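These are my notebook entries on one protein structure. I looked up its secondary structure, surface, charged pairs and aromatic rings.

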Amino acid sequence: MQPEMTMHDSSTRESLTADQRKLREAERRADAELAMREHHLAQKAFYENRERLKAERLAREAASKKP
C-alpha cells in the first residue's frame with residue numbers, strides 16, 4: 001500500500017524564486033505591521049473609553065453623595 005500524498009508534501013511544491021520569496025516576505029511584513037497598528041488603535045480606543053466611563057461613574061457617585 002502506497003502512502004497518500006498530502007498538500008504539504010514538499011515534492012509537490014513549486015520552488016519560489018528569490019524575487020518571489022522577497023515579495024512574499026514583504027507582503028507578510030506589511031500585513032503584520034497593519035495588524036499591529038490596528039491592534040494598537042483598538043487598545044487605545046478601549047482604554048480611552050474605559051477612562052471616560054470611569055470618569056462618568058465617579059461623577060455620578062460624587063453627585064449622589066451631595067446633600
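Why are Lys44 and Glu48 separated by about one helical turn? I found that they are four residues apart in helix H1, which covers residues 18-65.

**Basis.** I worked from a predicted model, in which local features need pLDDT of at least 70 and side-chain atom pairs count only at pLDDT 80 or more, while totals for chains, interfaces and linings use all residues. Residues are numbered from 1 along each chain as its sequence is written, and side-chain values use heavy atoms, with hydrogens and water left out.

**Fold and surface.** I looked up the secondary structure and noted one helix and zero strands. Helices (H or I, at least four residues) and strands (E, at least two) are DSSP runs, numbered from the N terminus. I then looked up burial, where buried means under 20% relative accessible area, exposed over 50% and partly exposed in between (1.4 Å probe, protein chains only). Of the 67 residues in the protein, buried ones make up 0%. The protein exposes about 6,900 Å², and 56% of that area is supplied by carbon and sulfur atoms. Accessible areas come from the Shrake-Rupley method with a 1.4 Å probe; for residues, only the protein chains shown count as cover.

**Salt bridges.** I searched the whole structure and recorded four salt bridges. The criterion is a side-chain nitrogen of Lys or Arg within 4 Å of a carboxyl oxygen of Asp or Glu.

I entered Lys44 with Glu48 as one of them, the closest N and O atoms being 3.4 Å apart. Glu48 is partly exposed because its relative accessibility is 47%.

For Arg52 and Glu56, I noted a salt bridge with the closest N and O atoms 2.9 Å apart. Both residues lie in helix H1, four residues apart, about one turn of the helix. Arg52 is partly exposed at 42% relative accessibility, and Glu56 is partly exposed at 35%.

I also entered the salt bridge between Arg57 and Glu61, at 3.3 Å from N to O. These two are four residues apart in helix H1, so about one helical turn separates them. Arg57 has a relative accessible area of 35% and is partly exposed; Glu61, at 35% relative accessibility, also counts as partly exposed.

**Aromatic rings.** I found one aromatic pair in the structure. The ring centres of Phe46 and Tyr47 are 5.2 Å apart and the planes stand at 80°, so I entered the pair as edge-to-face. Rings of Phe, Tyr and Trp (its six-membered ring) pair if their centres lie within 6.5 Å; planes under 30 degrees apart count as stacked, over 60 as edge-to-face and the rest as tilted. Tyr47 is partly exposed, with 43% relative accessibility.
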